[in-house]
Amino acid sequence: MLATFPRELEEYRRVIEDVARDEGLDFYETIFEMIDFDQMNQIASYGGFPTRYPHWRFGMEYERLKKQHTYGLGKIYEMVINNDPAYAYLLTDNMLVDQKTVMAHVYAHVDFFKNNVWFSKTNRKMMDQMANHATRVGRYIEREGYEAVESFIDLCLSLENLIDPYLPFMKRQPDAVEKAHTRDIHVRQQAEESVTRFKAKPYMERYINPPERLSEERDREMSRLTAEKSLFPSSPDRDVLGFLLHYSPLEDWQADILGIIREEAYYYAPQGQTKIMNEGWATYWHSRMMTQYHLRDDELITYADHHSGTLATSPGHLNPYKMGVELLRDIEDRWNKGRFGKEYDECMDIQRRQNWDIDLGEGREKIFEVRRVHNDVTFIDEFLTPEFVDRYKLYHYRQDPTTGRMVVVNRDFDQIKQTMLFMLTNHGQPYIYVADGNYANRGELYLAHKHNGIDIKISYANECLKNLQKIWGRPVHLQAHIDDEMLLFSTDGEEVKQQKIKDDLPKPAHNSFA
């Protein structure tokens, strides 16, 4: 049962909301609810929602969070849901200064949810949708049995990261209408339309557009179009879950559950893409609003203690709160002083660069622009500087076996930045594509790992392949780059075999991953 929202907190909430809007934040209506630590752990284990479909992983996560809180290893101060209206939960045993900090923090989060482009395609009524998902799964449990449904959910959850987070912003594959229209147009007609014809008067036609050239180009186009029509999918498809949903031999209830898992994976994807920016933005604003408007003298020490704990970091570890807020402050300072652009970048005078300040005053405007258009990868790629890395000692470390202390092993800016980007790209997970849905004309599924610095974990990949086979119903293959060798992992559901990819193996429809 939810606790009544205290009148004193409601008065502070209104003041904090007014200040946040005056500072330029733009957020949905935000509903705060008071809960105890056990309720907080329950909601957190459900991924931030009060209602989810039944599954053992939520119980496992609840036990982990409960032990973490019981033994003082961590505490969840707040939780906020990307929804319209937004819902936020406050702990009943938080101190007043913590409640004010959390409310300021939450309003900045909701501003980020509403205005950052990477959240623009998310379902803003996800609170209702999650409850709807729970109802549908509950109906299937009653009809099909708990074990059958739970086992199938296990399969789907093991594959929930096999989505294309950029899919909501672009169309990778032709839809059904386009496919039907393309089928209706004969290959010869398509080839004829693709042939290049230059404008010419009738008596010059055979000289400007020689029949031999037209015929040769027409034959080339016919060969290309005929080959393309046989490709399945028409291009490599990163949305593996979507491909399974459309083409796997699933029963209706299984297809619906797979669709639920996929929809929820796409909902959560932007949160993984913007963790550093989102937490940095919220920390920036709660810090500003508390120190400028809401902090009482007697709360200063407690606030400083808790705030410093949030931003604490150690060598070799990346704290998203610390990284995000400090980089935003650095951007604001640089754009206030004009420390960017051609003239600044070409200045070789160290003293002049350190004292550079043309009083441009565009810092606040710039960080609002950054909040609107960037995700973590573009944020780091665009704004991380050697000076920032040196200031916060974001070097590569290792533990000295002799002294047990962490020591710097690499200060090279380019390598540090590259490592950070690899870690953030696709949440540090490998890129997997559907390369062929009818491999060797046997109805087998062929996946390919696009190696961009992130290796696959063979043990995890083997189990995923087995689960994929159970959904696809036919053998499944995975092409992967392992230790400078191209290997093919294959399973018929019983065991996983691996072999080197040689020229005598059948080629998949799309073979651009070598």
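**Group meeting: helices H5 and H12, then H2**

Okay, so the axes of helix H5, residues 126–144, and helix H12 come within 11 Å and cross at roughly 155°. Keep in mind that this is a predicted model. Angles over 145 degrees count as roughly antiparallel, and therefore that's what we call H5 and H12. The crossing of the two is left-handed.

Who makes the contact? On the H5 side you've got Met126, Gln129, Met130, His133, Arg136, Val137, Tyr140, Arg143 and Glu144. From H12 come Trp253, Asp256, Ile257, Ile260, Glu263, Glu264, Tyr267 and Tyr268. Sort the residues of that contact and you get 9 nonpolar, 2 polar and 6 charged.

Let me pick out one of them, Glu264, which sits in H12, residues 252–273. Is Glu264 buried or exposed? Buried, because its relative accessibility is 3% and the cut-off is under 20%. Its side chain has a polar contact of 2.6 Å with the side chain of Arg52. Leaving out residues up to four places away in sequence, Glu264 touches Arg52, Tyr53, Met126, Met130 and His133.

Now over to helix H2, residues 37–45. At its N-terminal end, Asp36 acts as the cap, with a side-chain oxygen 3.1 Å from the backbone nitrogen of Asp38. Inside H2, the buried residues are Gln39, Met40, Asn41, Ile43, Ala44 and Ser45. What do they pack against? That would be strand E1 (30–35), helix H3 (56–70), strand E2 (78–81) and strand E3 (86–91). And just after H2 comes Gly47, with a positive phi of about 75°.

Terms used: Residues are numbered from 1 along each chain as its sequence is written. This is a predicted model: local features need pLDDT of at least 70, side-chain atom pairs count only at pLDDT 80 or more; totals for chains, interfaces and linings use all residues. Side-chain values use heavy atoms; hydrogens and water are left out. Helices (H or I, at least four residues) and strands (E, at least two) are DSSP runs, numbered from the N terminus. Buried means under 20% relative accessible area, exposed over 50%, partly exposed in between (1.4 Å probe, protein chains only). A polar contact is a pair of N or O atoms within 3.5 Å; within protein, one must be able to donate a hydrogen and the other to accept it, and residues adjacent in sequence count only if both atoms are side-chain atoms. Contact means heavy atoms within 4.5 Å. Axes are lines fitted to C-alpha atoms, for helices over the stretch in contact, and angles run from 0 to 180 degrees between N-to-C directions. Angles under 35 degrees count as roughly parallel, over 145 as roughly antiparallel, 65 to 115 as roughly perpendicular and the rest as oblique. A crossing is left-handed if the near helix is turned anticlockwise from the far one by less than a right angle, and right-handed if clockwise. Ala, Val, Leu, Ile, Met, Phe, Trp, Tyr, Cys and Pro count as nonpolar, Asp, Glu, Lys and Arg as charged, and the others, Gly among them, as polar.
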